[in-house]
Every structure is written in structure tokens, then in C-alpha cells.
Amino acid sequence: INAGVNSSGILVKNANSTINIQNNEIFGSANGIEIDRGSVSVPVNISGNNIHSNAFNGILVQANPVLSITNNNIENNGLGNVPANGYGIKATATVSSRVTLTNNSIVNNQGQVNAGQSSQDLSIISKLLDSTDSNN
């Protein structure tokens, strides 16, 4: 999926059904995947995708979704050199602990490092990683 740098490759907005995003190559977009569905309790499952070479972030998580990110390769995002972007996974300040990361490769992204808060690959680490996350 190549949506161009002005759009997200996949945009998930408000909905009341389970969303599965599986086995895609998502590249060359603003954000590879953008999740913005409010606080709906029905999950979004992102698995088996190759998410790379996007201008802003590999995955942008907004609001407070139930989100499972499993077995993805997320690399080389942030090619647009836009401040406050460039992460493999970027969470906005409203995201809580309803995001689970398992067995992902998240490397070589261009996010802004902020000691103890964000790496090049993950923004707001405290909202993205906890004891239930494994093998990332």
C-alpha cells in the first residue's frame, strides 16, 4: 500500500467492529497506519505487516484504542524529517495502556530521542511498553 506522503496508508477511524490489518507492505505514505478511533473497546489487530519508508511514522496511535501490534517489521520511517515524528510507533498523549506489543522488529526509525521518554523507534515509551509486552 503506497498512499503518497499526504495520506496515511491505512486510516482506522471510529467503528464498533474488530479491525484486522494483516500481511501488508505499507510504505511511501505519511503514516503507514493511523489509528484514531476514540475509546472504542473493540480491538484493532495489526499483525504480520512490513511497515517501512513512510514520511512521518510507521504507526500513529491517537485517542485510546484497544490495540494489539504483533509480528510486524517496522523500520526506516521518518523520511520526511518532520519534527516530533519519525517513530516506528508514535503514541499521542491521550493513549493509555490498552496497547500491546508482541514479537515486533522496530528498528532504524528516525524519531527524536528524549532520555527516558522516547527512543528513535518508540515515542512515549511509558504508554507503549509494560510488563505484558514481550520480545520486541
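This is a short walk through one sheet, one core and one salt bridge. Keep in mind that the model is predicted.

Sheet first. Four strands form an open sheet, in the order β2-β5-β8-β11, and the pairing is parallel. Look at the edges. β2, residues 19–22, and β11, residues 99–102, each have a single partner strand, so one side of each is left without a neighbour in the sheet. From one strand to the next, the twist averages 10°.

Now the pairing of β8 with β11. β8 covers residues 67–70, and 4 bridges join this strand to β11. One pair to find on screen: Ile69, whose bridge partner in β11 is Leu101.

Next, the core. The largest nonpolar core has 22 residues. Which residues have the most contacts inside it? They are Ile33, Ile46, Ile59, Leu67, Ile69, Ile89 and Val99. Several strands contribute. β1, β4, β5, β7, β8, β10 and β11 each supply at least two residues of this core.

Take Ile59 from that list. Setting aside neighbours within four places in sequence, Ile59 is in contact with Ile33, Ile46, Ile51, Ile69 and Ile74. Gly88, Ile89 and Lys90 are also in contact with Ile59.

Last, charge. The count comes to 1 salt bridge. Lys13 pairs with Asp36, and the closest N and O atoms are 3.3 Å apart. Where do the two residues sit? Lys13 is in the loop between β1 and β2, and Asp36 is in the loop between β4 and β5. That puts them 23 residues apart, so the pair links distant parts of the chain. Is Lys13 buried or exposed? Neither: its relative accessibility is 45%, so Lys13 counts as partly exposed.

Notes:
Residues numbered from 1 in each chain as written. Predicted model: local features only at pLDDT ≥ 70, side-chain atom pairs only at ≥ 80, totals over all residues. Heavy atoms only, no water. Pairing = 2+ DSSP bridges. Axes fitted to C-alpha atoms, helices over the stretch in contact; angles between N-to-C directions. Core = buried A, V, L, I, M, F, W, Y, C linked by side-chain atoms within 4.5 Å. Buried < 20%, exposed > 50% of the residue type's maximum accessible area, 1.4 Å probe, protein only. Contact = heavy atoms within 4.5 Å. Salt bridge = Lys/Arg side-chain N within 4 Å of Asp/Glu carboxyl O.
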